Amino acid sequence: MSLTSEKNIKEFLDYLKYQKRYSQHTLVSYETDLSSFLDFLEKQFEESVLSKIKPAYVRSWLAQLKSEDNSSKTINRKISSLKTFFKYHLRQGNLEVSPMTTVVSPKQNKRLPQFIDKKDTDTLRSEEHTSELQSRGLI
């Protein structure tokens, strides 16, 4: 990673640490996500200047993450890290336009509820359990 990229990340992480007071775990996640993205840019596109990063570069990185079987939740976290990073640099005047404006987050899979078997509901309704459940306010 180039010296400029490292400087941009360190500046951003210092802002999160000292002004926003983010936890150490959050800072490590941001640093990992940003370093991964900027390393990808340098290897794939030989680009390390923030102002020259295009939305197509971001989408290319996200496609790679998806091909590596990362979950939607993980990819959304990485997108959030990038959005926050570029928003910070917009406010600092280091960028005129964020490359994240056209990037769309993938939908997360929703888990279906699990149902209780008939025999388990019969057990719950039996007299020995009814008084206990009533005392707990569950039925």
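This passage describes helix α1 and the aromatic pairs that involve its residues in a predicted model.

Helix α1 spans residues 3-19. The helix has 17 residues. Its first and last C-alpha atoms are 24 Å apart, close to the 24 Å expected at 1.5 Å a residue. Just after α1, Arg21 takes a positive phi of about 60°.

One side of α1 is buried. The buried residues are Ser5, Asn8, Ile9, Phe12, Leu13, Tyr15 and Leu16. Seen down the helix axis, the buried residues of α1 fall within an arc of 150°, so they line one face. An α-helix has 3.6 residues a turn, so residues three or four places apart point the same way. The face turned away from the buried side carries exposed residues: Leu3, Lys7, Lys10, Tyr18 and Gln19. The cover over the buried residues of α1 includes α2 and α4.

Aromatic side chains link α1 to both of these helices. A pair of aromatic rings is described by the distance of the centres and the angle of the planes. A search of the whole structure finds ten aromatic pairs. In one of them, the ring centres of Phe12 and Tyr30 are 5.7 Å apart. The planes of Phe12 and Tyr30 meet at 65°, so this pair is edge-to-face, a class that requires an angle over 60 degrees. Phe12 lies in α1 and Tyr30 in α2 (residues 24-45), so the pair ties together parts 18 residues apart in sequence. Phe12 has 0% relative accessibility and counts as buried. Tyr30, at 10% relative accessibility, also counts as buried.

A second pair joins Tyr15 and Tyr88. Their ring centres are 4.8 Å apart. Their planes are at 35°, so the pair is tilted. Tyr15 lies in α1, whereas Tyr88 lies in α4 (residues 72-92). The pair therefore ties together parts that are 73 residues apart in sequence. Tyr15 counts as buried at 15% relative accessibility, the cut-off being under 20%. Tyr88 is buried as well, at 6%.

These four residues belong to one aromatic cluster, together with Tyr22, Phe37, Trp61, Phe85 and Phe86. Phe12 and Tyr15 are thus members of the cluster and also part of the buried set of α1.

Key: Residues numbered from 1 in each chain as written. Predicted model: local features only at pLDDT ≥ 70, side-chain atom pairs only at ≥ 80, totals over all residues. Heavy atoms only, no water. Phe/Tyr/Trp six-rings, centres within 6.5 Å; stacked < 30°, edge-to-face > 60°. Helix = DSSP H or I, 4+ residues; strand = E, 2+ residues; numbered from the N terminus. Buried < 20%, exposed > 50% of the residue type's maximum accessible area, 1.4 Å probe, protein only. Expected span 1.5 Å × (residues − 1). Arc of directions from axis to C-beta. Contact = heavy atoms within 4.5 Å.
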